[in-house]
Amino acid sequence: MIEQTLTVSRVEPRTVWLVAEEKPACAGCNGKCGSQIFSKLFGSHKKALPIACEEPVQVGQKMTLRLDDSKVVENALWVYLLPLAMAFAAMFITHLFLQAAEPWQILAAVLGGLVGFQIAKQRTKALRHDIKVIKIYPISLPLTQIDGDCAK
């Protein structure tokens, strides 16, 4: 299970929009590692995640969510493995059965990969993530005080 604490950014009827807190890419290298360089180049765009929630919450409140990581693996298999397998299958079919030249094999591999990507895209739309709200923190106390962490 993957757990993450998010902040409520917007509240609508039966839907809560959550934003993850921005974490520094690396705390030890003072901006000389590749992760921080990419972060500075491309910026950090905060994306809001809509979650169905019936309980009353306020903007600024923290919520802990849990995601079943088997769905992450399943999505990764569809998105990465299927296009690769389709590209290889198209290339081998073009080579073994059609006896085509190398440029046609490359074209078949690209087209097979694109077809595999489109199939994966349609398939992952049907997959639903099982995201559960684990804990809703009161807005009056800091998160470290609620969890019992007294370190400052």
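A charge is taken to sit over a ring if NZ of Lys or CZ of Arg is within 6 Å of the ring centre and within 35 degrees of the ring normal. With that criterion in hand, select R10 and W17 in this predicted model, where the charged end of R10 sits over the ring of W17, at 4.3 Å from the ring centre.

**The whole chain**

Now show the chain as a cartoon, in which four helices and five strands can be picked out, and follow them along the sequence in the pattern β-β-α-β-β-α-α-β-α. Buried residues account for 21% of the 152 residues in the chain. If you draw the contacts between residues at least 6 apart in sequence, 75% of them join residues at least 24 apart.

Colouring by confidence is a sensible next step, since the mean pLDDT of the chain is 78 and 73% of its residues reach 70 or more. Helix 3 (residues 102-126) has the highest confidence, with a mean of 90, whereas helix 4 (residues 143-147) has the lowest, with a mean of 55. Where pLDDT is low, the predicted coordinates should not be read in detail.

**The sheet**

Select the strands next, and look for an open sheet of five strands in the order 3-2-1-4-5, paired in antiparallel fashion. Its edges are formed by strand 3 (49-52) and strand 5 (131-136), each of which pairs on one side only. On average, and with direction ignored, neighbouring strands of this sheet are turned by 45° against each other.

To examine one pairing in detail, keep strand 4 (residues 62-67) and strand 5 on display, which run antiparallel and are joined by five bridges. Within this pairing, place T64 at the centre of the view and look across to K135 in strand 5, which stands opposite T64.

**The start of the chain**

Move to M1, which is found in the segment before strand 1 (2-12). M1 has a relative accessible area of 59% and is therefore exposed. Selecting D69 together with M1 shows two residues that lie 68 residues apart along the chain, yet have C-alpha atoms separated by 5.3 Å. Once neighbours within four places in sequence are left aside, the contacts of M1 are with R66, L67, D68 and D69.

**Helix 2 and its aromatic pair**

How many aromatic pairs does the structure hold? The structure holds one aromatic pair, and to find it you should select F88 and F92, whose ring centres are 6.2 Å apart and whose planes meet at 20°, so the pair is stacked. The cut-off behind that reading is that planes under 30 degrees apart count as stacked.

F88 and F92 both belong to helix 2 (residues 69-96), and because they are four residues apart there, about one helical turn separates them. Are these two side chains buried or partly exposed? F88 has a relative accessibility of 43% and so counts as partly exposed, and F92, at 44%, likewise counts as partly exposed.

Stay in helix 2 and select T94, which has its place there. T94 has a relative accessible area of 9% and is therefore buried, the cut-off for a buried residue being under 20%. Which residues is T94 in contact with, leaving aside its neighbours within four places in sequence? Display Q99, A100, W104, Q105 and A108 around T94, and these contacts come into view.

How values were computed:
Residues are numbered from 1 along each chain as its sequence is written. This is a predicted model: local features need pLDDT of at least 70, side-chain atom pairs count only at pLDDT 80 or more; totals for chains, interfaces and linings use all residues. Side-chain values use heavy atoms; hydrogens and water are left out. Two strands pair if DSSP finds at least two bridges between them. Helices (H or I, at least four residues) and strands (E, at least two) are DSSP runs, numbered from the N terminus. Axes are lines fitted to C-alpha atoms, for helices over the stretch in contact, and angles run from 0 to 180 degrees between N-to-C directions. Rings of Phe, Tyr and Trp (its six-membered ring) pair if their centres lie within 6.5 Å; planes under 30 degrees apart count as stacked, over 60 as edge-to-face and the rest as tilted. Buried means under 20% relative accessible area, exposed over 50%, partly exposed in between (1.4 Å probe, protein chains only). Contact means heavy atoms within 4.5 Å. pLDDT is the predictor's confidence in each residue, from 0 to 100.
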